[in-house]
Amino acid sequence: MKEVIYVENFVYEYPTKVCFGRGAARQHLTGLLAACGPNVLLAYGGGSIKKNGVYEEITGILKEAGKSITEFTGIMSNPTWAKVKEGAGLARENKVDLVLAVGGGSVIDCCKIVCAQAVTDEELWELEMVQHKAPSAAPIPLGAVVTASGTGAEMNGGAVITNEETKIKGGMFAAAPRFAILDPAYTMSLPRMQVLSGAFDTLSHAMETYFGRSDRDNVSDEVALAVMHSTVVNMRALLKDLNDYTARSNLMWASAMAENGILKVGRVTDFECHQMEHQLGAYTDCNHGQGLAVLHPAYYRHIVKDAPEKFARLGKAVFGVEGAEAAVDALAAFIQECGLPVRLSQLKSRVEITPELLRQVADSINLLPNGPRQLTRGEVYIILMECM
Ligand code: NZQ
Ligand code: ZN
């Protein structure tokens with residue numbers, strides 16, 4: 001008899017201790033630091049933490065705990081391989097015992113690979129991206145203080161790094177944070193567009209997981225639909241009041257939930273839209289969540305007939321509409337309602353987005369086999385062109 005697999009086999013283990021809520025750093029960071037040695041690499045981005053008081057609070061706690069601080073600053077959105085190497089050099093020179101990443105997905109991702117690169121002479125880009133091998137040495141411990149939610153980077157071991165020379169933005173695997181501080185108050189200074197694009201990234205993660213395999217009777221699907229619904233409800237709350245603390249809190253936890261492995265238990269994920277966005281990002285340096293907002297409806301219009309029941313179920317559970325095509329229409333309308341970009345020309349790009357550039361994007365993306373239907377490069381190009 002043919003076996004019908006409804007749930008893939010899995011092993012679930014959880015490496016990150018999460019401290020959530022207002023005042024979480026003041027309440028928990030000192031205790032968490034006690035388990036680490038004296039030298040801390042304090043990593044952050046372009047300086048938002050100096051304007052909103054987070055820098056002052058975190059450095060105060062580090063100093064009270066008697067830590068010696070080395071700063072690793074200027075981590076850019078869409079962090080580069082060159083920046084990883086800079087951080088690894090600093091960590092090594094200063095014999096760092098803990099890397100503390102204070103920021104959004106970009107800072108946390110960069111630091112994940114810094115922690116692994118600092119302990120080996122082997123170049124991890126070559127090892128992971130070319131030889132497809134995992135690093136063997138134990139990374140420097142990593143802690144994350146989240147200031148921008150959406151990616152869920154604080155609760156997994158994956159990192160997305162851009163190699164500017166090869167024009168590849170790719171997923172690498174290294175250090176999952178040992179602990180994560182999630183204080184929604186730290187996100188209150190985020191600009192409106194980053195709040196919404198981060199939250200859309202969360203919605204995308206849940207959808208990309210849901211549209212993988214297997215197709216039926218999977219408890220993870222039920223949880224994914226709940227995360228999607230909650231994300232939409234709380235994004236709508238922020239459209240009314242951007243400073244709604246409860247909505248920010250819910251979105252911060254939804255962000256972590258979508259990427260902490262819970263939704264992926266028993267599933268193989270799709271993530272083809274992410275593959276498209278990452279390569280678009282490699283060429284344009286566009287904002288991740290905004291790139292996804294442009295691409296998702298076009299991608300889903302191409303695959304809606306390959307998974308009509310799943311689309312219809314999502315439409316009903318998340319947007320309260322009937323039918324598969326109506327689900328895609330509702331998603332597109334929601335993106336517009338949020339004021340997120342709907343065309344590639346609306347993305348902030350460092351170069352002009354031309355058909356030739358989109359051809360290069362299509363020719364360099366990973367084609368994954370786990371969505372409702374595997375795309376061809378030709379179809380990816382058509383999807384990208386439809387977004388012009
Ligand atoms: O650099 P600073 O000055 O901190 O400014 C940042 C940046 O300009 C700002 N910001 C962050 N916290 C703030 C704040 N501004 C005011 N107040 C605050 N509290 O926000 C801007 C965007 O930050 P960034 O970290 O780039 O955004 P996000 O969290 O969306 O991260 C995007 C990166 O994560 C990757 C993306 O590809 C992209 O490179 N992803 C990582 C994933 C993972 N590791 O699991 C999964 C995702 O799918 C994604 O690919
Ligand atoms: Zn994402």
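## Ligand 1 and the zinc ion

The shell around ligand 1 draws at least three residues from each of domain 1 (17-186) and domain 2 (191-386); these bounds come from an automatic or database domain assignment. This is a predicted model, in which local features need pLDDT of at least 70, side-chain atom pairs count only at pLDDT 80 or more, and totals for chains, interfaces and linings use all residues. Residues are numbered from 1 along each chain as its sequence is written.

Of the 31 residues around ligand 1, Gly46, Ser77, Ser106, Asp109 and His205 come nearest. A residue is near if one of its heavy atoms lies within 4 Å. By class, 20 of the shell residues are polar, seven nonpolar and four charged. Helix α5 (105-117) gives the largest share, four residues.

Three polar contacts (pairs of N or O atoms within 3.5 Å) are listed here.

| Residue | Part of residue | Atom of ligand 1 | Distance |
|---|---|---|---|
| Asn52 | side chain | nitrogen | 3.4 Å |
| Asn78 | side chain | oxygen | 3.3 Å |
| Gly158 | backbone | nitrogen | 3.1 Å |

Taken alone, ligand 1 exposes 960 Å², and the protein buries 87% of that. These areas use the Shrake-Rupley method with a 1.4 Å probe.

Now the metal. Which residues are the protein donors of the zinc ion (ligand 2)? They are Asp201 (OD), His205 (NE2), His274 (NE2) and His288 (NE2), lying 2.0 to 2.1 Å from the ion. Donors are N, O and S atoms within 2.8 Å of the metal (3.2 Å for Na, K and Ca). Asp201 lies in helix α7 (residues 192-210) and His274 in helix α10 (residues 272-284), so the pair ties together parts 73 residues apart in sequence. Helices are DSSP runs (H or I) of at least four residues. Both Asp201 and His274 are buried, meaning under 20% relative accessible area (1.4 Å probe, protein chains only).

Note on methods:
Chains lettered and ligands numbered in written order. Heavy atoms only, no water. Helix = DSSP H or I, 4+ residues; strand = E, 2+ residues; numbered from the N terminus. Buried < 20%, exposed > 50% of the residue type's maximum accessible area, 1.4 Å probe, protein only. Polar contact = N/O pair within 3.5 Å; in protein donor to acceptor, adjacent residues only side chain to side chain. Nonpolar A, V, L, I, M, F, W, Y, C, P; charged D, E, K, R; others polar.
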